[in-house]
Amino acid sequence: MDTVEDEQSSVGKQHHKNRAKKRKRAKKFLHNAKGFGRIGSFGRGEDLDQSQYNYLLSILDSMGKTEGTEERQLMANNVLGQLEGKEIRTSSNQLGSRVLENLLTYADEETFARLMDTLAEHFRVVCCDSFASHVLQRVLYVAMLRTVAPLQEQPEQEHDEKAAELKESAEKKRKLTAGGDERGPKDIWPSFTYSLQEPYSDEHRRACGAFVERLAKFLVNNLEEFVWNCTANYVVRQCMLHLSGIAEMKVALVAGGAGTRDSGGDKETVKRLVVPESWSKLLHSFNLHLLEWPQFADLPFGNLTSIVLQTLLQAIANSNDPFQLEQLCTKLHTECFLANLVEANNDEMDESANQYTAAGKQEEMKLPQLFHCEGAVRLLEVCLSVASPEFLREKLFAELFRERLKPLALSRACNFAVQKLIDHTADKDTMETIFGELEGSLESILRRGHSGVVLALTNACVRLSCQQGKFIKQLLDALHCGDAGSEKLLTAVLYLMPANVTSATAPKIHIHGSLILQAILEFNKPIKFVTALLEMNAERLVEILRDPRGSFIANAFVRSRFVGEKSREKMVRHLEGQYGQLALTSHGSRVVELFYEAGNPAQRENIVRELSDNSAQLSGKPWGFILNKRLLIDTYKRDPARWKVAIKSDAKVERMFDKIVGGKKRKAQA
């Protein structure tokens, strides 16, 4: 079952905003390219003549309207045939690079092999070119997928079902986004699924594998030069990930550290593909080459070199090689993280890390140099994510974080490292030590806006079943709501705002506040918050549950093992008379469905009766259609007796379906 946090992050408000931005950027690029062509400016990078530029424009425009696989294959082979002998020049132009990136996925064996040979003859030039490097990265990506496709172990029936599901999903997305713009400004046509499923000859797959290995060896031999080049650096990082089996084009999110921070964007699960054994040896050569550098101790403190080390850690961790991972982590720790202890001061360190006051006196302390450098801190975050529990406890925590947690948690730059430490702590003793150091400082941390640290503590209390009572007391003291009424207590947590503070504007539910409350409902004794929810005014509670962030509190309330059956039934009864209002929003309708499932038969009938009274308002909304389909609202409105029979029959069918598909919820079909 997906966690509440994953579910919330994947369908949150930002998902739709980001999708709209991608569509807008795709259209804007084509619009701008046409505008530049009209004034005689034929793209950035390598100059193209007007006829070739217009030809590429027409191709890019046509790609958004081309739907069938055969049409895409035909277009790709024809265009790449027209550009034979001009691939390097075309790929070095901004427009040409964009066109080639999307076309080459659908190229046939002969055309793709010719393109690989052409790029292999110009590796150095292409790696360092701002636009041609993108074509090289896509060729590397497609070649890797074509090579490893036969190695993926998947039952034929499951593979066919998944393929059909992916095809159906892609078709729905295509219709919704008018040609597939949802995949972003660069990915007009899908690449991953097609490259894995299309049949290719063994000879062609060997040629693709040889290309990946040839490029990897070239990058290893030129590593000293390429890690300092912004463009080539990206190629190096992508190659490392592919050698470990990570088929991911968005390397910047993995390597740049953004994935370690609360960006609010969509989360993607990275699935490791099975790769040839020889690729693991090539990845090992990258590791050895970097470990042998005389300047290794300086690498974490440069922006580009730090990103390379972050990616290498991710790749080795995904290649399931604990020896290499331990070797790299140990060298980073001893030669980089512990090097040159320096005093924290206001010029070098964030003020918040230095201005920790105890008994009215400022405390001065020494911090390792890495906490003064953003690149090094982000490298430490990745190291915390991939290191073994023993290494994290005995080395990273004991020698870097212990007795420094308060100023680090208050630091704008370093509080993310504290979050990573807490998230990956696996034993209770260490967690109790961490909690002891942060005890009494939650108010200061929240005042700084570092609510992610508090959320990490909450999740650790759930995960390790420790310090739960102390944490609740500390949190309520920090928000000054220990003796407050039910509504003030809940709103203080949801807004992460002290109960005695009045906001000039209407506050909004804080995403971390919602997640903290959801996690607290998973505590062994969440009775204080369960009671507060049950005592809250029903209309005010509906406002919270209709909110995109607040609605997921219902998930935690219904699914928590420590919220009793009677409490769930009380909540269903408490909201009677409000289900019609809840169902008027998309998030509220999902809450209605959750409480319908949690109620007893009589309560379920009451919910459907209430919804049937509001069927006119619901009928014009897409989520109203889904509710009607699942709860048979129209049937109840016509004949309640018939509804009772139909809902029992529907429940039996759903239970049978759950056994077949492994307990996943059946979705209503349009």
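This report describes the predicted model of one chain, from its overall make-up to its helix packing and a few individual residues.

**Overall make-up**

The chain contains 40 helices and 4 strands. It has 670 residues, and 49% of them are buried. Its accessible surface amounts to about 32,100 Å², with 49% of that area belonging to carbon and sulfur atoms. Of the contacts between residues at least 6 apart in sequence, 74% join residues at least 24 apart.

**Annotated repeats**

An unreviewed UniProt entry carries the annotation "repeat: Pumilio" for residues 82–117 and 574–609. In the model, residues 82–117 are 69% helix and 0% strand, and the C-alpha atoms at the two ends of this span are 17 Å apart. Residues 574–609 are 75% helix and 0% strand, with 16 Å between the end C-alpha atoms.

**Helix packing around H9**

Two packed helices are described by the angle between their axes and the distance between the axes. Helix H9 (residues 132–148) has contacts with helix H7 (residues 109–120) and with helix H12 (residues 202–221). The table gives the geometry of each pair.

| Helix pair | Axes come within | Crossing angle |
|---|---|---|
| H7 and H9 | 11 Å | roughly 130 degrees |
| H9 and H12 | 8 Å | roughly 130 degrees |

H9 is therefore oblique to H12, since an angle of roughly 130 degrees falls outside the parallel, perpendicular and antiparallel ranges. H7 and H9 are likewise oblique to each other. The crossing of H7 and H9 is left-handed, and H9 also passes H12 in a left-handed crossing.

On the H7 side, Phe112, Leu115, Met116 and Leu119 meet Leu136, Val139, Val142, Ala143 and Arg146 of H9. Towards H12, the residues that H9 contributes are Leu136, Val139, Leu140, Ala143, Met144, Arg146 and Thr147. Their partners in H12 are His204, Arg205, Cys208, Gly209, Phe211, Val212 and Leu215. Leu136, Val139, Ala143 and Arg146 of H9 thus appear in both sets of contacts.

**The buried side of H18**

Helix H18 spans residues 322–337, and its buried residues are Gln324, Leu325, Leu328, Cys329, Lys331, Leu332, His333, Cys336 and Phe337. The cover over these residues includes helix H16 (277–291) and helix H17 (303–318), along with helix H20 (374–386) and helix H21 (389–401).

**Individual residues**

Serine 465 and leucine 632 each have a positive phi without being glycine. For serine 465 phi is near 50 degrees, and for leucine 632 the value is about 55 degrees. Serine 465 sits in the loop between helix H26 (451–464) and helix H27 (468–478). Leucine 632 lies in the loop between H38 and helix H39 (633–638).

Their exposure can be set side by side. Serine 465 has a relative accessible area of 39%, so it counts as partly exposed. Leucine 632 is buried because its relative accessible area, 17%, is under the 20% cut-off.

Glycine 624 belongs to helix H38 (residues 622–631). With a relative accessible area of 4%, glycine 624 is buried. The C-alpha atom of glycine 624 is 10.0 Å from that of asparagine 614, a residue 10 positions away along the chain.

Notes. Residues numbered from 1 in each chain as written. Predicted model: local features only at pLDDT ≥ 70, side-chain atom pairs only at ≥ 80, totals over all residues. Heavy atoms only, no water. UniProt positions renumbered as here; feature names shortened; annotations may be inferred. Buried < 20%, exposed > 50% of the residue type's maximum accessible area, 1.4 Å probe, protein only. Contact = heavy atoms within 4.5 Å. Areas by Shrake-Rupley, 256 points an atom, 1.4 Å probe, with all protein chains shown as cover. Axes fitted to C-alpha atoms, helices over the stretch in contact; angles between N-to-C directions. Parallel < 35°, antiparallel > 145°, perpendicular 65-115°, else oblique. Left-handed = near helix turned anticlockwise from the far one by under 90°.
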